[in-house]
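Hi,

Here is the structure I promised to pass on. Have a look at it first, and then read on for what turned up when I went through it.

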Amino acid sequence: MRLLAVDIALFLSSLALIALQIVLMQALAQAQGHHFAYAVISLAMLGFGSSGAVLALARDKLLPRADKVSQLCLMFAAASCLLALPLALQAAALTDLSLLFIDARSWWPLIASATLVFLPFFSGALFLGLIFMRDTESIGQRYAVNLLGSAVGAGVALLLLFYFTPIQAIAICAAAFALAAWLLWHSWLSVILLLGVLVSVMFITDIKPSSYKAISYALQLPQAQVVSDIPHPVGRIQIVQSPALRYGQGLSLQFRGTLPAAPHIYRNGDAYGVLLPDATVLNESVQALPLELAIPSRALVLHAGGAAVAHLLSHNAVQVDVVEPHPVVARWLRAQYRDDRLTVIVREGRAYLSAPLEHYDLIVLPPQGSFGGGVGLQALQEDYLLTRESFRVLWDVLHEDGLLSFSVYLDQPPRQSLKLLALVVDTLHAVGVSDLSGHIAAIRSWDMLSVVVSKRPMNDVAREKLAAFSQTKGFDRLWAPGEGVVLTDHFHVMEDDLLTTGFTALLTANDTSVFYDDYLFDVRAPYDTKPYFHQFLRWDRLQEVKQYFASSTLAFIEMGSVLVVLTGIALTGAAIILILAPLAWLNWPPGRRLAILCYFASIGLGFMFLEILWIQHFTLFWGHSLYSAAGVVAALLCGMGAGSILSIRLRTSHKTVTLILGSIVIMIILSLFLAPIFFTAGLVWPESLKWISGLMLLTFPAFFLGMPFPLALRVLNQAYPQQVPWAWGINGCFSVIAAPLAVFLVMQGGFHMVGWAAILAYALAILAFQSIGR
Amino acid sequence: MKIVHKKEEGMTMNRQLFLSMLIGLFGTFPVQAIDTDRARELREKMVTEQIVARGVRDRNVLHAMRVVPRHLFVPLGEERFAYEDHAVPIGYGQTISQPYIVAYMTEVARVQSDFRVLEVGAGSGYQAAVLAQLAKDVYTVEIVAELAQQTQVRLRHAGYNNITIKHADGYYGWGEHAPFDVIVVTAAASHIPPPLIEQLKDGGRMIIPVGSPYMMQMLVLVTKEGDQVRTQNLLPVRFVPLTRG
């Protein structure tokens, strides 16, 4: 009976620990931004690693009091979820990322936030470690319960995010810890904690997001109010209304009318779209260019969010298909624009393009960027709509005389506009167009560039319409079909000519690689294997970028990439201090130290490389990074649980371990080559089939991935028991380092680079085990 | 010096304003502080090292930057940062802009002694104080009521009597005093408000930072010649995200 209570407690706490990771990713995305998602995984790993170090240091004192300490750990985990995590989120929201590079004091909220996030993971992991250390005879069973609980936790996290705000979901995770503690010891403290959860869920429903979030800005407007607030795992949708909340992007400065107020849509506090009651004002915007050239009979709007939909519907006889990935936003679009000509399809744009219902006269891409250029916080955000593979499919969905249209905010130096043009250029070359100039029309206002790409070369009528429209509205013709740059009026003077020279180079040069090589930023069209449209930084041109920006700082232009490096360095330091340094106090006893270091570091690195790689990979397949994180974590842990159960029955021979590690290496190699084929074929499948097939596909390698760690621990327990804490610590330390390292490698070299790094890690583990098991 | 409030605000707002006025008088800002030799020395250093070194040459602007005691426009306890080369938080999610940006915007505005100037986003009043050294009249609009009240008190104590401040949404400008020779917008906007273009005098100049919160913003110069409105991108900057549309 007691054994059962321990197992249930283990299951619950494992569930809560994984659910917390997923929920915290969403909570941080709402409080501050998506860019800290991977730091959560690292901080969780840091908690696991440092708890191992504590166990190693205080093994003799903790083991005799294991029952009491484990209950305290669980209650501390529950209390820290209730008290520390809301504070951590608030501290994260208070962090001014750009001031990090100017004012050292700005680091404090970030450090405080990371420390507070670390607490429940540390105490939860300390409980797990203590149970593992105490119950060495049944380690396989305990490990299996732990992994199964973790797998279920990933699914539970998604469910929680459907019905609760992240802060409420965190409180529910606290309930799991408190319940686990109560199972082990019927203490009134556990009951108080459970009551605390109830109070928290009822009364602490939200935290204030960063003042730099678009929604914070909107809510300070006069009479601003949230008219709808719906939680969802792929992003909480809030609709804000205010008489001062207007949409005037790309607007002509000749316009003297009144901009109508329009409810704005925010996803996780970031601007997502607008519900325009009256879209006629968009006739005064550069975004009207495609409709000035030709009124389509059937148009497709991808990830529109609202403005383009309203604009198209304001023209009679246009049938509009809207592909909107967020189900809540799709509902709002249907409710806002009740029109028989409108069809709203809830799918990822990329998935729809693979199996379209129709072919179109006009395809409108979502507006990109922000005026002046972003600070690069989106650099880590995968975008499978803006890749070469996606544009090839998109081209086939256009009618023979169809138009592709996109608008992009002008950034300085130009990056987003040129990368979008690079995607067009690559597509035109791929379909055999040699004279690109006649297929492109582009105009710009002071803030926005609008580009139309025609499948057939444009004629004189189109050129005349373009000239008339731009002259009337005071727009500059950046590119006239067949003529090139025409800045006769020059209504808007930019800082330099980089945009015009970029257009000229990409649309007229025989060899565009010269331009790409020379350009300060990476504006090459991205591939599916490196789907980071918003990543522009070239590390080899850092000095020149610094010179270009003079007194400004690099951080302003590519903060996402810089943050990956900084968090990687900070977490590595923390891992060494919290995990390896305490162990060093114990002195590392002799006995296969190098082999132990290599083996446990390799499997720590290799596993995390695979986890991060697959999370990124499956984002395309399952449609969102949070779905992908939950699905990958659940499948991996479920498979690993089964693998670890089987590992109990396996002999710990060289042959067995080599066979398992060798199988892992072969499976990674196969996955690198077969995954793109699988994703291409499976993208059009129904969602249920995608989930079943994806989970099954991941569970198979996970089964093998669950064996190397317990097998090697068994060997150490038998031959070198004093090395067990070190093995645990090394594995934890390198798991912490692996998450940001994997993200960095993916961003620099694509999925294949991380895949090969994982292969190398497991190959090294094979060699290292030869020495451990000798 | 006068302050204009929106009539529709009731007793609650008046009470808030009264309280904030008390805070303004006795708490947040050192209105009782005086200029010192040390402050003058720091200001001279600021002008030489931060402003002249970056290319601001207008002698009137440099004089204004030397004269206006910036440390009076930062919150109590933050005075030591007043003359440093960065923005300083002033509460309510707002900042007093970096000295160079203030000088640069003022230089680009080409303010003359008979000009009527509109400032949108009064903040702590520093930019208005600098503009008031150069222009005949400065009208400034602030949407945060408490800040508007505190700034009014501060400017009065500092002796500026050609500045009029109003608590309102700066998006609509200040129609009753239009047209303006110069409009200086110190709050980042997502677009150039048509009412401000309307209120700009023929031949007038508007300096406005446009962009999104947490993003790079661009200082844009808007000029109006008859019906033609033209823009010129000047400088990428980062202002604190402010509270208006």
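In chain B, strand 4 runs parallel to strand 7 (residues 180–185), and four bridges join the two. One pair to look for there is B:V120, whose bridge partner in strand 7 is B:V185. Please keep in mind throughout that this is a predicted model.

Strand 4 of chain B covers residues 116–120, and four of its five residues are buried. Strand 4 also pairs with strand 5 (residues 137–142) of chain B, again in the parallel sense, over five bridges. In that pairing B:E119 has B:T140 of strand 5 as its bridge partner. How does the chain get from strand 4 to strand 5 of chain B? It passes through helix 5 (residues 126–132), making a right-handed β-α-β crossover.

Moving on to strand 7 of chain B, there is something to check just ahead of it. The peptide bond between B:A178 and B:P179 is cis, with omega at about 0 degrees. B:P179 sits in the loop that links strand 6 (163–167) to strand 7 of chain B.

Strand 7 of chain B also has strand 8 as a parallel partner, with four bridges between them. Here B:V182 stands opposite B:R205 of strand 8. The connection from strand 7 to strand 8 of chain B goes by way of helix 7, and this β-α-β crossover is right-handed too.

The loop between strand 7 and helix 7 (194–199) of chain B holds B:S190. Is B:S190 buried or exposed? A residue needs 20 or more other C-beta atoms within 10 Å to be called buried, and B:S190 has 23, so it is buried. B:S190 also comes within 5.2 Å of B:G211, C-alpha to C-alpha, with their positions 21 residues apart in sequence.

Strand 8 of chain B spans residues 200–211 and is mostly covered, with nine of its 12 residues buried. Its pairing with strand 9 (residues 217–225) of chain B is antiparallel and takes in seven bridges. In that pairing B:P209 stands opposite B:L219 of strand 9.

Now for chain A. There are 26 helices and 14 strands in it. The C-alpha atoms of chain A fill a box of roughly 85 × 55 × 50 Å along the principal axes. The radius of gyration of chain A is 28 Å, which agrees with the value near 28 Å for a compact globule of 774 residues. Of those 774 residues, 61% are buried. As for contacts in chain A between residues at least 6 apart in sequence, 77% of them join residues at least 24 apart.

The domain assignment splits chain A into domain 1 (1–211), domain 2 (283–543) and domain 3 (587–774). What I looked at in particular was how domain 1 meets domain 3. Their centres, taken over C-alpha atoms, are 23 Å apart, and 28 residues of domain 1 of chain A are in contact with 26 residues of domain 3 of chain A. Which helices supply at least two residues each to the side of domain 1 of chain A that touches domain 3? They are helix 1 (2–31), helix 2 (37–57) and helix 6 (139–163) of chain A. Helix 6 of chain A gives the largest share of that side, 12 residues. By residue type, the side of domain 1 of chain A that touches domain 3 divides into 20 nonpolar, eight polar and no charged.

Two backbone spots in chain A may also interest you:

- A:N268 is not a glycine, yet its phi is positive, at about 50 degrees. A:N268 lies in the loop between strand 3 (264–267) and strand 4 (270–274) of chain A, and it counts as buried because it has 24 C-beta neighbours inside 10 Å.
- A:A317 also has a positive phi in a residue other than glycine, near 70 degrees. A:A317 lies in the loop between helix 11 (307–313) and strand 6 (319–323) of chain A. With 8 other C-beta atoms within 10 Å, A:A317 is exposed.

Best wishes

Methods: Residues are numbered from 1 along each chain as its sequence is written. Chains are lettered from A and ligands numbered from 1 in the order in which they are written. This is a predicted model: local features need pLDDT of at least 70, side-chain atom pairs count only at pLDDT 80 or more; totals for chains, interfaces and linings use all residues. Domain bounds come from an automatic or database domain assignment. Two residues are in contact if their C-beta atoms, placed from the backbone, lie within 7 Å. Ala, Val, Leu, Ile, Met, Phe, Trp, Tyr, Cys and Pro count as nonpolar, Asp, Glu, Lys and Arg as charged, and the others, Gly among them, as polar. The radius of gyration is taken over C-alpha atoms; the globule rule is 2.2 Å times the number of residues to the power 0.38. Two strands pair if DSSP finds at least two bridges between them. A crossover is right-handed if, with the strands pointing away from the viewer, the path from the first strand over the helix to the second runs clockwise.
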